[in-house]
Amino acid sequence: MADYSVQELMIIAAAREIADGELVFVGMRLPITAFGVARLTHAPNAVGLFEDGIVRYEPATDMLYTMGDPPNQQGAAWTTGLNPVMAQLQRGRVDAGFIGGAEIDRYGNVNTSYIGDFKKPKVKLPGSGGAPDIAAMSKRLMVIVNHDTRRLVEKVDYVTSPGYLDGGDARAEAGLSGGPSVVITDLALLRPHGDDHELHLASIHPGHDVNEIKEKTGWELQLSPDMVETPPPTTDELAALHTIDKDGFWR
Amino acid sequence: MQEKLVDLKTAIASHVRDGDSVVLGACLEPEIPFAATHELIRQGRRGLNMIAPISDASTDMLIGAGCVSEVTGAWVGNVSGGLGHNYRRAFEEGDAPTIRVNDYSNFSLGMALLAGAYGMPYLPVRSILGSDILKSNSALKLAKNPFGDENEPIVLVPPLQPDVAIISVQRADRYGNNHHWGSSGLIAEAAAAAEIVILIAEEIVAPTVISSDPSRVLVPGYLVTAVTQVSAAVHPSPMTGYWRRDNQFFNDYHARSRTQEGFESWLREWVLDIEDHGAYCEKLGASIAALRIKGEAFSAPANYASV
């Protein structure tokens with residue numbers, strides 16, 4: 001078996017979610033690396049959007065601490081404002097977007113704002129950024145979180161970024177199309193199932209088992225009928241990742 | 001043309017009042033004029049309403065220093081470190097939050113400033129639908145699209161016209177005409193929407209430099225109230241063509257602001273006990289020199305000839 005870290009598996013799982021030619025809201029850290037791997041493997045024509053007001057074909061090769069850093073500006077396809085880039089979501093052009101979150105619930109709703117009552121929260125989180133815009137208006141939402149019962153909860157305290165809300169037709173009734181297509185964790189991939197759209201266990205990362213994953217999920221996690229083991233990274237995928245991650249940050 | 005060049009202390013003293021709504025930065029991570037953040041703190045402004053989608057750790061500093069009563073925006077924290085400790089303390093300690101937050105997403109705030117810039121009564125968006133931002137910010141209204149299918153919901157965003165926008169640009173002339181390049185977040189909308197625009201330029205150049213390339217102008221000088229020249233005003237944030245991000249500085253701020261006492265000691269060391277931005281850069285010493293971008297990647301010239 002090839003040697004890889006759990007973060008590298010998550011990056012490669014995220015890269016596999018990007019199809020060739022797609023417009024993708026990338027975000028920082030793990031997703032930006034996933035975008036790079038996708039471009040170098042199966043999606044050479046994917047386009048990366050950044051909410052500062054940056055559009056890129058080739059990912060930046062120098063180290064980025066934030067998406068606004070100089071290496072992400074130099075050689076961009078477009079440097080403009082936030083509105084012209086985010087408006088492409090509302091125009092219906094954006095295929096997919098990545099977000100993270102402090103809490104996500106069984107219907108894929110994400111909280112990055114308040115733990116407890118928003119009027120007097122137990123914890124004040126930094127807030128939404130552009131995540132609600134990406135969650136509401138991209139065709140597919142991909143959420144990346146670490147898998148534990150504090151993060152994967154029955155119901156979020158505050159819906160910053162809408163998933164399928166209360167399930168069923170709730171998202172459509174709220175006036176939204178799209179919705180979460182995958183939740184990528186360090187243990188598994190969860191995907192919405194059937195007309196109810198509840199997140200089910202769809203893929204188990206090598207070395208983990210159903211009971212462990214159920215124990216670390218804050219709701220009664222159901223198994224997808226199509227459940228598989230996450231395929232380990234291929235030689236090509238790992239080679240692409242190592243081209244980008246020269247310093248071994250993710251190893 | 002009217003001369004608009006003043007020093008930073010004068011610009012802040014003359015144009016920012018207690019209780020003002022202020023955009024400071026609004027490029028998200030780059031080009032935040034931290035020199036102005038520090039000057040607002042030194043001059044003891046109170047009751048400010050800080051408007052920005054994301055202004056990295058600047059807003060957290062102003063909250064900790066007691067300058068802020070309200071935040072209108074999408075995200076307050078520290079992009080390197082995560083949570084903003086002063087922001088958290090304002091909510092989590094005591095019986096009630098000490099500041100008020102008007103929750104927006106990045107795009108809805110962008111539409112609010114655009115509506116302000118264009119003089120529109122509101123702008124409809126398809127974002128915010130399904131989000132509890134509609135519950136925690138009563139300024140945003142759920143409505144029906146009058147041109148859509150029956151019962152098609154939309155969200156109406158009211159305009160924002162800030163009292164003051166404080167914006168970093170790479171270069172300006174003494175009349176306030178300016179060039180900005182690289183990603184611009186919401187600074188163009190903020191400058192067009194605000195009553196007063198204070199520009200902080202890395203360099204002051206001849207008017208002919210600006211007029212040689214009018215397509216690169218962020219906002220023409222007649223809409224600018226004051227322009228000031230402060231080198232490295234954006235530190236520790238980056239500026240395209242001039243400065244890299246001082247990530248360690250953000251991490252140090254994050255670690256030291258974890259407690260109230262730690263924040264106060266950081267504030268004395270880096271703001272209150274320092275006379276001005278020149279002294280701040282002297283204190284940074286060799287580290288600021290190391291952050292300067294030395295490479296060259298000039299754009300191709302564009303021909304504006306008329307005959």
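Reader: Which residue in β9(B) is the bridge partner of B:P124?

Author: This is a predicted model, where local features need pLDDT of at least 70, side-chain atom pairs count only at pLDDT 80 or more, and totals for chains, interfaces and linings use all residues. Residues are numbered from 1 along each chain as written, chains are lettered from A and ligands numbered from 1 in written order, and side-chain values use heavy atoms, without hydrogens and water. β7(B) and β9(B), residues 153–157, pair antiparallel over three bridges; pairing takes at least two DSSP bridges, and strands are DSSP E runs of at least two residues, helices H or I runs of at least four, numbered from the N terminus. The partner of B:P124 is B:L156.

Reader: Which strands stand at the edges of the sheet?

Author: Three strands of chain B form an open antiparallel sheet, in the order β7-β9-β8. Two of them have a single partner strand each, so one side of each lacks a neighbour in the sheet. These are β7 (123–125) and β8 (141–144) of chain B.

Reader: Which domains of chain B give residues to the largest nonpolar core?

Author: A nonpolar core joins buried Ala, Val, Leu, Ile, Met, Phe, Trp, Tyr and Cys residues through side-chain atoms within 4.5 Å; buried means under 20% relative accessible area (1.4 Å probe, protein chains only). The largest has 129 residues, and its largest share, seven residues, comes from helix α5 (residues 106–118) of chain B. The core lies between two domains, because both give residues to it. By an automatic or database assignment, they are domain 1 (8–118 + 161–291) and domain 2 (122–158).

Methods. Buried < 20%, exposed > 50% of the residue type's maximum accessible area, 1.4 Å probe, protein only.
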